[in-house]
Every structure is written in structure tokens, then in C-alpha cells.
Amino acid sequence: MMPAAVRSDPAPFLERCFLFDAVEAAYSIVPEGDVPAWLRGSYYVNGPARFSRGEFRYRHWLDGDGMVCTLHFDANGVHFVNRFVRTTKRADEEAAGRPLYRGFGTAFPGDRLRHGLMLEPPVNVSVYPFAGTLLAFGEQSLPVAMDPLTLETIGEYDVHGRLNEVSPFSAHAKFDPATGHMVNFGIAYGASSPSLTIYEFDALGHLLQRRRHVLEMPHSNHDFGLSRRHVVFFLNPLVIDVARLLSGTSLIDAFSWKPEARARIFIAPRGGTRDAAFSIEVSAGCCLHQINTFEHGDELVVDVLEMDAPIYPQYQPIPDLFATAPLGRPMRYRIDLRTRSVVDRMAMPYDRTPDFPSVDPRLSGERYDEFWMLGISAAGTPGRKFFDQIVRASWREQDVIDRHQLAPGHYVGGEPIVMFNPHDDEDAVVIVQHLDAEAGTAAFELYDAFALSRGPMARLPLRHRIHPGFHASFLRRDA
Ligand SMILES: [Fe+2]
């Protein structure tokens, strides 16, 4: 008879998704099933991929060194490449054969910071094509340029000298689908007032605008929303005590959650307007990722994934993640831009701690209805768990309208990006990682974006395991 502790584990074999040495490789894949002929271009996903060095074990999901995986879809088939981002952190630690730098969730005696000020970035959060190169991003640090085909690291990317090696620059750069502009932000936690700087670059990386805003609190902020006319932040009462970080704690131990200080939605105009930025106090939980933001007449619609509490503490200890994860749900805020007030706040009933929301990239910042995300079926029950649902939701229907549930011991990783057939708006695919923890194998899978419950339409088996990724992107090269 199976011991009760094993039988009740809602995440069997989850350790096999994290505790192994990643292999770098490049090879062609023989797909099982049908890859649409119209799907041409390169898929990219970044994520942490090393959680130990020698006997040393890192604690937190955000501690691992960034590894980018790509799938090149062309007339010859599908080609896979994965490589670590060659950061200073990784190079120095490889040479030393031991950990040297403090992690997001792991501190140790003698650990180092970059210039004594900030984490030496593992560059493990996101990856986006921009201005002819591929940029891997970490949290509030300089992106690293990589070759878009081979994933060879080129070096830190300072956007034509506009940033320096201690410039805060978020992992959630946004790209205006109409112009190709890159908009991003950085938060500086100086000895005086914390400040948020918003940058807008043209499609070649030339700076168009840089504006600095003073913040009332040293907010930890990960993501933002970009509409045609506004840049929108959901500022949680999750604050960072930088003095604690500088005194030797990990970053996560420098966070504090102050729900008594309410969240604020901070709205700044984009270039070409003299309108002032403003913020609105809201009664809310904690938002890590925003779904989309757009104007509709005099209204600004701000869609977010709102958790009952911060999620970062649930990213540890590796591999026992999400043990006491809060519930969360999609939330829509409608804001009257004339009165600067929230006129409606609407929650979807789906509460399976969803994350990694994704919309049709052509509708980023525009009116839209549907989006895709990952969910955790065991949300709300104690014990480690992980993403095992891919879902599609509709604001018109005000709920999840389609989902695929994986079997126990199988997990899904990577933002479920959706790519549309350029000739047919009713034809689209979602790409995710499928991690079979029991068998110790991994694959990428393609789903019909409008029929998730049918299961994958194509499976792209990999030769080696990969770690669950964070954010993904797709560079189109239409046939
Ligand atoms: Fe993110």
C-alpha cells in the first residue's frame, strides 16, 4: 500500500522538472501530428535552468541562470536550439566552480552584488526580438543580446548608450504592434525617494522619451500595461527595503507585504501629450502580470491577474513550489479618464492561481476579448503543486470557456503564446512546454487555440529535459 504522504502529493515527480543538469543542444525535430504550414518564424522562451552548483542548492525559482529555448519553423521543418545566456554571473561562477553571487531568494556568506548595489542578473525572465537582435531580459537589469538563430550571446545591450550596467530596466518590455516601439520602465530605490522611469524607444532603439516619476513607496513592480495613449502600472503594497538587501539578505527577504496600504493604479500618458500622470487607490490583492490595457472612448480598461497575496514566496523552496499558493483570478478595472475614478471592477470566477496571460500580439493595447493563460488545478489545497492547465477565457463570456487538463505528473511551462494564421483570424495555435515528470521527458506542444480541450494538435519531442520557462515570444517570418 502506498504511504499517505505519497498518495496525497498533488505534484508527483515535480522535483524532476527542476533538479537536473540542463543540456545545451541544437537539432531538428520530427513532429508528431500536424504543424500548420502557415506557422513560419521563431518561437523563443526564457527561464531559469540551473538550481544547484556542486553541493550548493538554490532555494528560489528566480535564482536559476537564464536559458533560452527556440523553435525555428521553416519550409524544412522544425529546428530546436537551447543555450544558457552567457552572463557575467554564469561566466564567473563557471570559472570559480562555485556560487559567487547572491540570488533572488538565496543569500550566503561572502556572496557578491553588482557594484555592491544590485543582484548580478541571471537574465532568466523573458526574451523578445528587437531591432534585428534578440534580447534576453532579467528583473530590473540590462538585457543581453543574443543571435536570433544560434542563441550565441553577444553581450549586454545598453540601447545605444541610453542605459548603463546598473540601470534598472524591467523584464517586461512592451512592443507597440503599430510602430514597433519598445516601451519599458525601471524602478530606482535610492536613499531619497524611490522613482519610476518610463522609456520609449523607436523600432531601431533610438530614445524618443524618458520620464521620471516619484513614487510614494518603494514598490516591487514586475509588469505594466501599454495602450495607444497610456502606460499603466498596478502598484502593489509589496515594498522593498533596500537597506536590508544591502545588509546581506536575499531580495525576497527584503520584501514586505503591506495590505493595509492599498494598491494604486498609476497611469502615465505616452509621448506627444502634456497630460499629467495620476494614480487611483484601489482595494485589491496583488498583481504580478497584467493581461492587456486599452482605451475605449473616455474609458481606460485595465485587465490584470489579481492574487489574494504575493506569489513570489510560493516560488520556493525548489522543488516544492506553490505549497500555500493564494487563489487568484482575472480582474477587469474600467477607469473613467475624465473623473479619474474606477467605475467598475469585475472578477472572473476562475480562481486557479492563473499566470502567464497571453493575448493575440496584434491586439496588445487594443480592444480584445479572449486571452490564454496557465492554471493550477490543485489551487486552494495545501501541498506543492504546479501549472497543469491551459485555459482560454473571454471577457464577453466573463469566464474561462475552454481548457486542457494535463494528467497527474505532467506539467505545463512557458507563457502560452498564441499565433494567428495571417490569412484566417479563426485559425490560431498556442505553443507551450509539456513536462512529463514521471517519464523525465519534455516536449513542446501546439494546440488549436480555439479547441484546447481536444488536446495537442502537434507534439515536438525533445532529446533532453528542459526546465519550465517563464515568458515567450514569436518572431514571424511569414511564408
Ligand atoms: Fe513576468
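**Entry 1: aspartate 402**

I began with aspartate 402 and listed its contacts, leaving aside neighbours within four places in sequence; I found Ile390, Val391, Arg392, Ala449, Phe450, Ala451, Leu452 and Ser453. The model I am reading is a predicted one, and I keep that in mind for each entry below. I placed aspartate 402 in strand S29, which covers residues 399-405. Is aspartate 402 buried or exposed? Its relative accessibility is 9%, and because buried means under 20%, I noted aspartate 402 as buried. For one of its contacts, leucine 452, I also looked up the C-alpha separation from aspartate 402, which is 6.2 Å for two residues 50 places apart along the chain.

**Entry 2: confidence**

Before going further I checked how confident the prediction is, and noted a mean pLDDT of 95 for the protein chain, with 98% of its residues at 70 or more. Residues 1-6 I set aside, since pLDDT stays under 50 over that stretch, and the model has two contacts beyond four places in sequence for it.

**Entry 3: the iron ion**

Which residues coordinate the iron ion? I recorded His172, His222, His289 and His471, each through its NE2 atom, at 2.0 to 2.1 Å. Along the chain these donors follow the spacing H-x49-H-x66-H-x181-H. Two of them I located in detail, as the pair links distant parts of the chain: histidine 222 is in the loop between strand S15 (207-214) and strand S16 (225-226), while histidine 471, 249 residues away, is in the loop between strand S33 (458-461) and strand S34 (472-476). Histidine 222 counts as buried at 9% relative accessibility, and histidine 471 counts as buried at 3%.

I then turned to the geometry, where the angles among the four donor atoms run from 91 to 162° and the site is irregular. For reference I wrote down that the ideal angle for four tetrahedral donors is 109.5 degrees. Four donors count as tetrahedral if all angles lie between 85 and 135 degrees, and the upper end of the range here is 162°.

**Entry 4: leucine 288 and the largest cavity**

Leucine 288 I found in strand S22, residues 286-296, and at 11% relative accessibility I counted leucine 288 as buried. Apart from neighbours within four places in sequence, the contacts of leucine 288 are His222, Asp223, Leu305, Ile311, Tyr312, Tyr315 and Asp355, and His222 is also one of the residues that coordinate the iron ion. I also looked at leucine 288 against arginine 210, which is 78 residues away in sequence and 24 Å away in space, C-alpha to C-alpha.

How many cavities of 30 Å³ or more does the structure hold? I noted five, the largest with a volume of about 90 Å³. Its lining is made of Ser220, Asn221, His222, Asn236, Leu238, Cys286, Cys287, Leu288, Pro310, Ile311 and Tyr312, with the largest share, three residues, coming from S22.

**Entry 5: the largest pocket**

The largest pocket holds about 1100 Å³ of space. I counted 43 lining residues, and wrote down those closest to the centre of the pocket as Tyr128, Phe175, Pro361, Ser364 and Ser473. The elements that give two or more residues to this lining are S8, strand S12 (174-175), S16, S22, strand S26 (355-358), strand S30 (410-421) and S34.

**Entry 6: backbone details**

Which peptide bond leading to proline 317 did I note as cis? The bond runs from glutamine 316 to proline 317, with omega near -5°, and I placed proline 317 in the loop between strand S23 (299-307) and strand S24 (328-336). A cis peptide bond also joins isoleucine 318 and proline 319, where omega is about 5°, and proline 319 lies in the loop between S23 and S24.

Last, I looked up positive phi values at residues that are not glycine. Valine 123 has a phi of about 50° and sits in the loop between helix H2 (88-96) and strand S8 (126-130); with a relative accessible area of 1%, valine 123 is buried. Leucine 151 has a phi of about 65° and is found in the loop between strand S10 (144-146) and strand S11 (153-156); leucine 151 is buried, with a relative accessible area of 0%.

Note on methods: Residues are numbered from 1 along each chain as its sequence is written. This is a predicted model: local features need pLDDT of at least 70, side-chain atom pairs count only at pLDDT 80 or more; totals for chains, interfaces and linings use all residues. Side-chain values use heavy atoms; hydrogens and water are left out. Donors are N, O and S atoms within 2.8 Å of the metal (3.2 Å for Na, K and Ca); water is not among the atoms, so sites may look incomplete. Four donors count as tetrahedral if all angles lie between 85 and 135 degrees; four count as square planar and six as octahedral if opposite donors are over 155 degrees apart and all others between 65 and 115; anything else is irregular. Helices (H or I, at least four residues) and strands (E, at least two) are DSSP runs, numbered from the N terminus. Buried means under 20% relative accessible area, exposed over 50%, partly exposed in between (1.4 Å probe, protein chains only). pLDDT is the predictor's confidence in each residue, from 0 to 100. Contact means heavy atoms within 4.5 Å. On a 1 Å grid over the protein atoms alone, a cavity is a set of points where a 1.4 Å probe fits but cannot get out, and a pocket is an open set with protein on both sides within 12 Å along at least five of seven lines; lining residues have an atom within 4 Å of a point. Grid points are joined across faces, edges and corners, and a volume is the space filled by probe spheres set on the points.
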